[in-house]
Amino acid sequence: MKRKSINRNRIIRKTGLLSAVLFLSILTGCAGQYPAESETPAAALFEETEPSEGRIVVGFCETGSESDWRRAHAASIRSALSEEEGFYLLYEDAQQKLENQIKAVRRFILQDVDYIVFSPLVKDGWDVVLEEAKEAGIPVIVNDRQVDVSEDLYTCWIGSDAEKEGRDAGLWLADYLEKEGRDKEQINIVTIQGTLGASIQIGRKDGFAEVLSEHDNWTMLDMQTGDFTQTKGYEVMEDFLEKYDDIDVVVSENDNMTFGAIDAIHDAGKTCGPDGDIIILSFDAVHAALEQMQKGDINADFECNPMQGEKVKEIILALEAGREVEKKMYVEETYFDNTMDLEEILKTRMY
Ligand code: GYE
């Protein structure tokens, strides 16, 4: 397997390339994080030891830092692909903007990294840049959310089964309403959606919709995006509460929007959770959300496991060893509700 430790020949070969990276950085107004060797006289480069020497160079682009989940995911990637583990990680944060993410992937191509890993903000818009990565011969590992491109444009994908999460939420609700003796009642639902066009958002919506379609007495009153953030979750919920006075269930497509929604519900003088006016279903199951469930504000939370760094590392090491990897791999996930021993669960929870 090729290695991006920079030797004499490589420096000679890369001088032009790195100038191009610098030029691109100036154009985009974004300095790449790769050391700017192009500014160093060529002779001096021969004496220098590259920080990437002997390491596997990975360019990783995160969608942003919109949620607790995202922070846990980024930390998991950083710790798995660390220097101690033999990696040289070029980390970029796209700040929830597709154009930033595409630019970052393009910089990784110019930097001629060994692997490109990224968590795509949305499904669409990836054909051209992934074609470029393919032409450059750089393996691409898509992580967390999915891309809608021809399968030969990436090596593999690893992440969550979003449809299953959505379906599980619907099935949980059906079961809960039955136990509560409300299975024949009219049930009004609103959804606070994640970033529109993100595969995880589409999957959670579609999975829940499958169960919704089996219940004539369930009505989806409204769906609006809160972009996976707490602030927007609050705003969307505030709007729903102004428009509808008969909301029975809130499906919130991530925990941070749920935190905002709960605040909006309380500020409107209403209550939520098992003993409240509104049933709350959430996704992610981060620490703070399970604590909020302990307080009685959330009914059920469908886990989305952000600890994917080790899996990404395993995939890279398998590829390095020349082994085949599966095209699609799912991480294991479960759900939590307030019938469980949350105190015990929280003791060992890593995120
Ligand atoms: O649910 C959310 C985040 O893509 C699985 O993105 C991820 C989602 C997660 O910001 O909190």
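**Salt bridges, buried residues and a charged patch**

The structure holds 26 salt bridges. The model is a predicted one. Three of these pairs make a good way in.

Start with D144 and R70. Their side chains meet in a salt bridge, at 2.8 Å from N to O. D144 sits in strand β4, which runs over residues 140-144, while R70 sits in helix α3, residues 68-80. The two parts are 74 residues apart in sequence, so this pair ties together distant stretches of the chain. Are the partners buried or exposed? D144 has a relative accessible area of 3%, so D144 is buried. R70 is at 2% and counts as buried too. The cut-off behind that word is simple: buried means under 20% relative accessible area.

D144 has another partner. The side chain of R145 meets the side chain of D144 in a salt bridge, at 3.9 Å from N to O. Both R145 and D144 are buried.

Now look at K184 and D183. Their side chains also meet in a salt bridge, with 3.4 Å from N to O. Here the setting is not buried. K184 has a relative accessible area of 72%, so K184 is exposed. D183 is at 31% and is therefore partly exposed. Elsewhere, salt bridges that share partners form a network, and E62, E66, R70, D144 and R145 are joined in it.

Stay with helix α3 for a moment. R78 also has its place in this helix. How accessible is R78? Its relative accessible area is 45%, so R78 counts as partly exposed. Leaving aside neighbours within four places in sequence, R78 is in contact with L89 and Y91. Another landmark for R78 is F60. The two residues are 18 apart along the chain, and 9.3 Å separates their C-alpha atoms.

Next comes helix α4, which covers residues 98-110 and contains Q101. Q101 has 0% relative accessibility, so Q101 counts as buried. Which residues does Q101 touch, not counting those up to four places away in sequence? One group in the list is C61, E62 and T63. A94 is there as well. The others are F118, S119, P120, L121 and W126. E62 is a name you have met already, as a member of the salt-bridge network.

Loops can hold buried residues too, and N305 is an example. N305 lies in the loop between β10 (300-303) and α11 (309-320). Its relative accessibility is 16%, so N305 counts as buried. What does N305 touch, again not counting residues up to four places away in sequence? Its contacts are W69, S160, V331, E332, E333 and Y351.

Finish on the surface. There, a patch of negative charge gathers D124, D127, E131, E135 and D148. Take E131 as a sample member. E131 is found in helix α5, which spans residues 127-135. How exposed is E131? At 35% relative accessible area, E131 is partly exposed. Residues of such a patch have no salt bridge, and each has over 30% relative accessible area. So E131, at 35%, clears that cut-off.

Trace the path once more on the model. Begin at the bridge between D144 and R70. Move along helix α3 to R78. Go on to Q101 in helix α4, then to N305 in its loop. End at the negative patch.

Definitions and conventions. Residues are numbered from 1 along each chain as its sequence is written. This is a predicted model: local features need pLDDT of at least 70, side-chain atom pairs count only at pLDDT 80 or more; totals for chains, interfaces and linings use all residues. Side-chain values use heavy atoms; hydrogens and water are left out. Patches are made of residues with over 30% relative accessible area and no salt bridge: like charges are joined within 9 Å, nonpolar side chains (Val, Leu, Ile, Met, Phe, Trp, Tyr) within 5 Å. Accessible areas come from the Shrake-Rupley method with a 1.4 Å probe; for residues, only the protein chains shown count as cover. A salt bridge is a side-chain nitrogen of Lys or Arg within 4 Å of a carboxyl oxygen of Asp or Glu. Lys and Arg count as positive and Asp and Glu as negative; His and the chain ends are not counted. The place of a charge is taken as NZ of Lys, CZ of Arg, CG of Asp or CD of Glu. Helices (H or I, at least four residues) and strands (E, at least two) are DSSP runs, numbered from the N terminus. Buried means under 20% relative accessible area, exposed over 50%, partly exposed in between (1.4 Å probe, protein chains only). Contact means heavy atoms within 4.5 Å.
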